Amino acid sequence: MLIPDLTQTIVAPASAQGGGAIAVVRLSGPEAFKIASAFLKPSSIFKTPKTRFSYFLRAEENGRLLDNTVVTLYRAPKSYTGDDMAEISCHGSPFIISRLLRLAISNGAREARPGEFTLRAFMNGKLDLAQAEAVNDLIISENESAHRAAITQVAGGISNRIGKLRAGLIALLGELEVRLDDSYEELPELDPGTFRRRAAAAAAGIKNLADSFGRGRYLKHGIRVTIAGAPNSGKSSLLNRITETRRAIVSPRAGTTRDTLEETLTLSGLKVIFTDTAGIDPRTGGPIEREGMRRALKALKTADVILWVQDLSKKSSPADRRVGKAIARGAAPGSDLIKVFNKSDLPAAGRPEDETDGGIIVSCKTGAGISGLKRRLVRDEKKAFSAGSAAVITSARHYSALLNAHSELSSLERLRIRAGTFPFELAAEHLRGALNALADILGETTPEEVLANIFANFCVGK
Amino acid sequence: MPYFNYPVIFDVLVVGGGHAGCEAALAAAGLGMKTLLLTQDLDTIAQMSCNPSIGGVGKGQIVREIDALGGRMAAVADLSALSAHMLNTSRGAAVRSPRVQCDKRMYQSAMKHSLELAGNLALAQDEAAQIWTEGSALRGVITARNTRYRSKTVILTTGTFLKGVIHIGLSSFRGGRYNHPPSDGLSPSLEALGFKLGRLKTGTPMRLNGRSIDFSKCEEQKPDEPPPPLSHFTGRHGRKLLSCWITRTGERSAGIIRANLHRSPLYSGRIKAAGPRYCPSIEDKIVKFPHHPTHILFLEPEGFDTGEYYVNGLSTSLPEEVQLELLHSVNGLERAELIRAAYAIEYDYSLPVQLDYNLEAKLLPGLFMAGQINGTTGYEEAAAQGLMAGINASLKVRGGDPFILGRDEAYIGVMIDDLISKGVDEPYRIFTSRAEFRLLLRQDNADLRLMPHGFRLGLIPGKFKKNFERYQNAVERSGSRREPQKHGAEKRPQRADDDMAPWTRAGAEACGRITKEYGGYITRNLREAERMKHFEHVRIPEKLDLSAVKGLCLESRQQFLKIRPRTLAQAARIPGVTPADIQLLWVHVTRKLRPPQADGVSRRDEG
């Protein structure tokens, strides 16, 4: 889709990038109000929207308040673009901006191309010739900044991954096209099971990548880290060691911490909010301990990162396993789990290696391993934001392209791909659709590329 | 030497009597143009220099399209059919394609006879040696015998003849086809006019004497019964069709090729021109796919009254003695007599990006090109371009709008757009994978898609119009019906199909059913096609200075200047162009086109 579809609803931040107290996200197109009503509450105001009128609305994500916003509505043609338009003024956090974009996109909008609002204004006759002189300049400069973002390491890495997914789709399409176009039918029949599996794997790869944007990275709102573990594994000691305070009361007795406790710290310029929790062991304690555990489980749900603290000096206990189960049940999808093995100063209990694999070994007593843990906590966030807020934009575009590609592959999976009823040409339609979706990021997949893949991999022709 | 100025001024002069030339001449003559077909040799009109077969995947759709626009190819192929198959029957209806094998001589003489019978069409046997121009204006053609034919338009359909060189093993000689002289004059003439030429390569496999083939060792491939016709106007004919035969190369064949690769002009570097990747020589297959133990070969009869067999799959340019050894290594061909050796041929083509959508040269108005000269391969591809060039040359003489088919309308539209927007770097063949609207471009609806154009242009006789409309209605009715009327329909006496001949009710039912089955997909194709059509209408004026578009990336700028897209949609299809480039171009074009008053109005709107 090289030429932007002006009948689609588009979304993008309209305010200058790089922070500021207030930011504006602009939504424009025939579906603008419908899409806005899906996450701006109360949605009743969209039934009879007044034009050029501002509302205080809550931006909600999955029923949770994301931000309090001021939304100005413009009805076509009396708007900047000439289409229905909503301008959402929110707090200027890249986190909030990226979540708003995501909400708009998952409800049917698409990320605007550089300069596309102005392009629409121009095409709808809202700009005169003199003003139009500026349109090209705008497209050029926005395209350049988007390009700069794209060549930064992070976005480049993502483009690389998308490039690989695209190559996989082309190979899959080649399997179909070669069998449609080679009339000699010398090739072995394509096994429907294998094809289904490969298509499912491609879909999963795309889903994974799309989900990784969902974790949204949070300059101003901070990263929520919940410290969880069995009683007496050293959670509070860990909090004290990381924050270098004696904020939490520690004692050798299990069950010292009964309530959750929050502490904020700045790590590599990122805000990190730690929550220390009561030990999770459903079999112990009276009403106060149980309430403490209830709060601990709640803290698991809201965590971006969970630190699961275990005692390295003891063998894995039933309590540890119960914590593992509670985390598996309670953690928010997409949250990050880091296993922390405490008490490395004591003689080790000889846990098998695969149990500690990928975990971080620390000693709260001596401080060993703590700086590694801190680096690990902000590693992904640092990467995600090293490109500045432009990376958020780029990711939003990637996100919407991946979402569309994934929906094509889901349709493909619903086809009856079995021996005898393998609808090659329909499966090909969906693969082409998925590749078209990725065209927004990587450019068009031309038939020549598919043919080149075929000629390289199949012996075709007379 | 003095010129003989031929005493007639023609409207359309067609150079070449191959598949492109025949359709070009017939279309122009049919549209009432005073037409001349000039060929080196009238006896080789419509010669099938390679495989005597018409149709195939993608190509079959093109032949049906040619037929729906009044071309002759399909009807002549049906008339001379000796075997016929519907391909891809195991796949969906959208990709099914008919293929007909022809009696080579019968095809030629039937086509030649069509030309002879056509009113307004003169035939002449002479070699075109030079494009005749005066100043920057096209005058006609000057022949090798120094005759000057004056014509308002000229269509070049020179096939593989421009500076043709034939290779068998390491020996090579000049020729446009085996034993036919090349055409050496036109290339320099075109270059002098400023055309850029390139060089391509193709080839043809060996022919055998059928008497010497052991068919008992081959697998029989029976023709479809009844044979699927290519033409919408062909009824059933009762002729008994012939079988083809299948055999395979083996390990020994591969060994022979490997041992002799240094004697192949392709592998020794003697042939530098690009050949088609989809039609590789047997040496290519063995080298590139060493893990394939065998390669399939089809033995196809070349006619009813000849014993000659075409070996489909054994294209090679190895020396004759290696060809013979190779042949005898194949099951069933141990004692086969090689009566014509396989050969490769190199020839000049003119870069097709120098043409406009009506196949007219941008450099020299009035000069059209069609077929292999545009870098394509295949009889069907050539015939389709010939037909389009014939129609468009006529429309130019008449003073009408050019006739251009969209990518959503016809494979012909896909092909011409590809040629003009992207150019070629190997001989271009149509594939269904080239069509983004594949589900719309089926062989079963070629008539529904294109015949209305055929009637409008006057290429399909008006007497068919009523029946065609009845057929159209029948298709629509059958498509909209929810359930096939099971019992009622059977009980009611079947009405004869006479009122819609040559179409049938069964055909209408089948077409309606396919449309219904693809339902949502067709809607999706149509919607996207509609969107693209909008941008086909965003025209880029010829005189617009594309170098003045600010901010284009370097590659896009070069591509735009080279190809000079005529519409925004075409610009978007050029490889390497980015979305931002398209927006920049879009704004630039719109700005140049918008009348100042419109802006005044919009300002009031805003206020």
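These legends describe close-up views of a predicted model.

**View 1. Chain A in outline.** Chain A holds 14 helices and 13 strands. Of its 462 residues, 45% count as buried. Contacts in chain A between residues at least 6 apart in sequence reach far along the chain: 69% of them join residues at least 24 apart.

**View 2. Domains of chain B, with domains 1 and 4 in focus.** The domain assignment splits chain B into domain 1 (4-201 + 347-448), domain 2 (207-346), domain 3 (474-536) and domain 4 (546-606). The centres of domain 1 of chain B and domain 4 of chain B, taken over C-alpha atoms, are 34 Å apart. Four residues from domain 1 of chain B and eight residues from domain 4 of chain B make the contact. On the domain 1 side, the touching residues comprise two nonpolar, one polar and one charged.

**View 3. Helix α10 of chain B and its surroundings.** Helix α10 of chain B spans residues 411-422, twelve residues in total. From first C-alpha to last it reaches 16 Å, close to the 16 Å expected at 1.5 Å a residue. The helix is mostly covered, with eleven of its twelve residues buried. Among them are B:Y411, B:G413, B:D417, B:L419 and B:S421. The buried residues of α10(B) pack against four helices of chain B: α2 (59-68), α9 (379-398), α15 (554-563) and α16 (568-573). B:G423 follows α10(B) and has a positive phi, near 70°.

**View 4. The crossing of α9(B) and α10(B).** The two helices, α9(B) and α10(B), pack at an angle of about 85°, and their axes are 11 Å apart. An angle of 65 to 115 degrees counts as roughly perpendicular, so α9(B) and α10(B) are roughly perpendicular to each other. From α9(B), the contact uses B:E381, B:A384 and B:M388. From α10(B), B:I412, B:M415 and B:I416 take part. By class, this contact of α9(B) with α10(B) has five nonpolar residues, no polar residues and one charged residue. An α-helix has 3.6 residues a turn, so residues three or four places apart point the same way.

**View 5. B:R434, in a loop of chain B.** B:R434 sits in the loop between α10 and α11 (446-457) of chain B. Is this arginine, B:R434, buried or exposed? B:R434 counts as buried because 23 C-beta neighbours lie inside 10 Å, and the cut-off for a buried residue is 20 or more. B:R434 and B:Y411 are 23 residues apart in sequence, yet 8.7 Å apart in space, C-alpha to C-alpha. Leaving aside neighbours within four places in sequence, B:R434 is in contact with A:P447, B:V414 and B:D418.

**View 6. Two cis peptide bonds.** In chain A, the peptide bond from A:K41 to A:P42 is cis, with omega near -5°. A:P42 lies in the loop between β3 (40-41) and β4 (53-61) of chain A. In chain B, the peptide bond from B:A501 to B:P502 is also cis, with omega near 5°. B:P502 is placed in the loop between α13 (486-491) and α14 (505-536) of chain B.

**View 7. Positive phi at A:R52 and A:N232.** A:R52 is a residue other than glycine with a positive phi, near 50°. A:R52 belongs to the loop between β3 and β4 of chain A. With 10 C-beta neighbours inside 10 Å, A:R52 counts as exposed. A:N232, likewise other than glycine, has a positive phi near 65°. A:N232 is found in the loop between β8 (223-229) and α7 (235-243) of chain A. A:N232 has 19 C-beta neighbours inside 10 Å and therefore counts as partly exposed.

Terms used. Residues numbered from 1 in each chain as written. Chains lettered and ligands numbered in written order. Predicted model: local features only at pLDDT ≥ 70, side-chain atom pairs only at ≥ 80, totals over all residues. Domains from an automatic or database assignment. Contact = placed C-beta atoms within 7 Å. Nonpolar A, V, L, I, M, F, W, Y, C, P; charged D, E, K, R; others polar. Expected span 1.5 Å × (residues − 1). Axes fitted to C-alpha atoms, helices over the stretch in contact; angles between N-to-C directions. Parallel < 35°, antiparallel > 145°, perpendicular 65-115°, else oblique.
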